[in-house]
Amino acid sequence: MSVDPSPIPAEPPLEGARAREAQRATWVSVGTNLVLTVLQIVVGLLAHAQSLVADGMHTLSDLLGDFLVMYASRHGAVPADERHPYGHGRYETAASMVLGLVLAGVGAGFLVTAAGRLQTLDALPEIHPMALWMSLLTLAAKEGLFRFMMAVAERLRSPMLVANAWHARADAASSLVVAVGIGGSLLGYRFLEPLAAALVGFMILRMGLMLAYEALGELIDTGIPPEEAGAMRETVLHTSGVLGVHELRTRRMAHRILVDVHVRVPARISVSEGHRVAELVRQRLCAAHADVLDVLVHVDSDEDERSAQAPALPDRTQLEQELRLALGLSGPMPVVLHYLGDRVDAELILPPEVLFDPVEKARLLERVRTLKGLHPHFGEVALGCRIAP
C-alpha cells in the first residue's frame, strides 16, 4: 500500500458565489417565461387556438417554479447555525421535489386534456396560422432556455437547477406538441394535436416522477453510487496511519456529500496521534472529492474486533485502583492503558528512585506477578520512569 504522509488542504467552499450564479440564471428563465406567457395567451385567444392558451398556462406554471427555485437557492446558501448544523442545503432538495411533482401534475393534465379532445374532434374550432408561428417561436425559445439552464446546472452541480432546466425542456416538448397539432389541424388532420399531446404528456409525467423520486432518495439519506464510495474508500486507505476501513457511509445534501467512516489504526498509538490520523482522513477526502461537505471519522484500534467478542473489561478508575492496591503505591502514578482484545496492558511511569532501588524493584516485580494472578484481565504490566524532561 502506497502512503502519502502529507496532508492535502481542503478546497474552500464557494456557496455564496454559487447561489448568486444560480439566481442570475433563474432570472433569465423568469424573464423568458414572462414574455412567452403573455404572447402565448394573447395570440392563442386571437387565433382561437386553445392548445396555445393551455401551453401559455403551462409556461405560467414555470414562473411559479422559478420563484420557488430562487427562494430555495437563497435560503440554501445560508450558513450552518445551531438548529441546522449541516447547513440549509436541503432547501434545494425540497424545491426539486416540488418541481418534480409540478411536472408530474402538468403531464397528467396533458393526458386528461388530450383524452377529452380525442372524443370531441368535430367540436374543435378553426385555428389561425399565426398560432403556428407563435408555437414555433415558443419551441425555439424553450429549447434555448433548456440548454442554457442545463449548462449552469452542470457547472454548479445543482439538482434543483437540473429540475428547473428539465421543466423548460418539458415546455419545449409541449410547444412541439402544439406546433404539430396546429400544423396538423391546418392541414386537415385534426386528430394529430390531441394524440401528440397525450404522448408528450406521458413523457412529462415520467420526468416529473423521476425528479421527485431522486429528491425523495436524498431526503431519506440514500447513499452515493458504489463506484463513488469505492473511490472514497481508496482515498482513506492510502492515508498515512490507516490500517483499514471498517465502515463508510454517505448521504447527500443538495450537491454536497456527508461522509461517516470508521478507520482502523494501531492499538498502541496515543490519542493525539489517532486524532491526527482522523484529521488527515478528513482533509484528504475533502480535497480529493470536491462534492464532500464534511467527514466524521471514527477511530477504531486494530484490536477492536477481538475486543467486541471478549467479556467486558473494567474502566480506568477500577484498573488504577487495582494497580495501586496490588503494587502498594501512592501519590501521582501516570498510567497508559491499552485495551487489547480480552486483556489490558498497563504502562506505569514511576519515580527514578523507586526503579533504581534494587530492593524496591524486586518488591514491585513480585507484586506484578501477584497482580496478574488476582486480576487475569491484566496482560503485560510495564514499569518505567522518565529520566529526561
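Leu237 counts as buried, because its relative accessibility is 18% and the cut-off for a buried residue is under 20% relative accessible area. Leu237 has its place in helix H7, and that helix is one of twelve helices in the protein chain, which also holds six strands. The model described here is predicted, and the points below go from the chain as a whole to three pairs of helices and then to single residues.

**The chain as a whole**

- The protein chain has 389 residues, of which 43% count as buried.
- The surface that the protein chain exposes comes to about 20,300 Å², and carbon and sulfur atoms supply 64% of that area.
- Among the contacts in the protein chain with a separation of 6 or more, 73% are accounted for by residues that stand 24 or more positions apart.

**Helices H7 and H8**

- Helix H7 covers residues 226-237 and helix H8 covers residues 271-288, and the axes of the two come within 9 Å while crossing at roughly 140 degrees.
- That angle makes H7 oblique to H8, because an angle has to be over 145 degrees to count as roughly antiparallel.
- The crossing in which H7 passes H8 is right-handed.
- On the H7 side the residues that take part are Met232, Thr235 and Val236, and they meet Val281, Arg284, Leu285 and Ala288 in H8.
- Sorted by class, the residues of this contact of H7 with H8 are five nonpolar, one polar and one charged.

**Helices H4 and H5**

- Helix H4 spans residues 130-156 and helix H5 spans residues 159-187, with axes that come within 8 Å and cross at roughly 165 degrees.
- H4 is therefore roughly antiparallel to H5, since the angle is over 145 degrees.
- H4 passes H5 in a crossing that is left-handed.
- The contact of H4 with H5 is made up of 22 nonpolar residues, together with five polar and four charged ones.

**Helices H3 and H5**

- Helix H5 also meets H3, and the axes of H3 and H5 come within 8 Å and cross at roughly 15 degrees.
- This crossing angle makes H3 roughly parallel to H5, because angles under 35 degrees count as roughly parallel.
- The crossing of H3 and H5 is left-handed.
- From H3, the residues Glu92, Ala95, Ser96, Leu99, Val102, Leu103 and Phe110 meet Pro159, Met160, Ala163, Asn164, His167, Ala170 and Ser174 in H5.
- By class, the contact of H3 with H5 brings together nine nonpolar residues, four polar ones and one that is charged.

**Single residues and their partners across the sequence**

- Leu237, the buried residue named at the start, is 26 residues from Val263 in sequence, and the two are 8.5 Å apart in space, C-alpha to C-alpha.
- Thr113 lies in helix H3, which runs over residues 90-119, and Thr113 is partly exposed, because its relative accessible area is 41% and that value falls between the 20% and 50% cut-offs.
- Thr113 and Ala54 are separated by 59 residues in sequence, whereas in space they are 9.6 Å apart from C-alpha to C-alpha.
- Arg386 is found in the segment that comes after strand E6, the strand of residues 378-384.
- With a relative accessible area of 57%, Arg386 is exposed, because exposed means over 50%.
- Arg386 and Pro351 are 35 residues apart along the chain, and their C-alpha atoms are separated by 7.3 Å.
- When its neighbours within four places in sequence are left aside, Arg386 is in contact with Ile349, Leu350 and Pro352.

Terms used:
Residues are numbered from 1 along each chain as its sequence is written. This is a predicted model: local features need pLDDT of at least 70, side-chain atom pairs count only at pLDDT 80 or more; totals for chains, interfaces and linings use all residues. Side-chain values use heavy atoms; hydrogens and water are left out. Axes are lines fitted to C-alpha atoms, for helices over the stretch in contact, and angles run from 0 to 180 degrees between N-to-C directions. Helices (H or I, at least four residues) and strands (E, at least two) are DSSP runs, numbered from the N terminus. Angles under 35 degrees count as roughly parallel, over 145 as roughly antiparallel, 65 to 115 as roughly perpendicular and the rest as oblique. A crossing is left-handed if the near helix is turned anticlockwise from the far one by less than a right angle, and right-handed if clockwise. Contact means heavy atoms within 4.5 Å. Ala, Val, Leu, Ile, Met, Phe, Trp, Tyr, Cys and Pro count as nonpolar, Asp, Glu, Lys and Arg as charged, and the others, Gly among them, as polar. Buried means under 20% relative accessible area, exposed over 50%, partly exposed in between (1.4 Å probe, protein chains only). Accessible areas come from the Shrake-Rupley method with a 1.4 Å probe; for residues, only the protein chains shown count as cover.
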